[in-house]
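Please work through the exercises below with the sequence and the model open beside you, and attempt each task before you read its solution.

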Amino acid sequence: DRQSRGSAIYFQVPDIDAVHSSLKEKGVRFMGEPHVVNRTPRSELWLAEFNDPDGNQLALMSEVAINGSWPIVPRACHQTEESSPWMRKTCEPSSHP
């Protein structure tokens with residue numbers, strides 16, 4: 001049974017909302033909206049899960065800095081209030097090391 005598999009492939013993306021919207025417009029069915037799965041003092045980890053046509057588990061993943069901290073993959077982030085019960089953070093590539 002493909003649904004009982006324990007592994008998944010994660011695609012790290014800089015802007016999970018943009019990639020989620022783009023794939024959704026192309027017919028990808030997500031299990032839900034992008035959501036926070038982990039918070040640390042420095043960052044939030046966002047996921048949006050879906051399955052490919054063969055039932056393999058896939059997910060978009062985005063790490064976002066909190067309060068000016070830098071996550072492992074640096075990004076310059078700002079907050080927006082769009083379509084989320086939380087203050088959503090969006091990111092752009094950063095020139096910081």
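A salt bridge is counted here when a side-chain nitrogen of Lys or Arg lies within 4 Å of a carboxyl oxygen of Asp or Glu. The model is a predicted one, in which local features need pLDDT of at least 70 and side-chain atom pairs count only at pLDDT 80 or more, while totals for chains, interfaces and linings use all residues. Residues are numbered from 1 along each chain as its sequence is written, and side-chain values use heavy atoms, with hydrogens and water left out.

**Exercise 1.** Find how many salt bridges the whole structure holds, and state for R39 and E44 whether each is buried, partly exposed or exposed (buried means under 20% relative accessible area, exposed over 50%, partly exposed in between, with a 1.4 Å probe and protein chains only).

*Solution.* Begin with the search of the whole structure, which returns two salt bridges. In one of them the side chains of R39 and E44 meet, with N and O 3.1 Å apart. R39 is partly exposed at a relative accessible area of 46%, whereas E44 is buried at 6%. Next take K24 and E33, whose closest N and O atoms are 3.0 Å apart; K24 is partly exposed at 44%, and E33 is partly exposed at 47%. As a general point, side chains of opposite charge can pair when their charged atoms come close.

**Exercise 2.** Work out the order of the strands in the open sheet, and say which strands stand at its edges.

*Solution.* First list the elements (helices are DSSP runs of H or I with at least four residues, strands are runs of E with at least two, numbered from the N terminus): the protein has one helix and six strands, following the pattern β-α-β-β-β-β-β along the sequence. Then trace the pairing, for which DSSP must find at least two bridges between two strands; four strands form an open sheet in the order β1-β4-β3-β2, with mixed pairing. β1 (9-12) and β2 (35-39) each have a single partner strand, so they stand at the edges and one side of each is left without a neighbour in the sheet. From one strand to the next, the twist averages 35°.

**Exercise 3.** Describe in which sense β1 and β4 pair, and name the bridge partner of Y10 in β4.

*Solution.* Compare the directions of β1 and β4 (residues 57-65), which pair in the parallel sense over four bridges. Then locate Y10, whose bridge partner in β4 is A59.

Terms used
Axes are lines fitted to C-alpha atoms, for helices over the stretch in contact, and angles run from 0 to 180 degrees between N-to-C directions.
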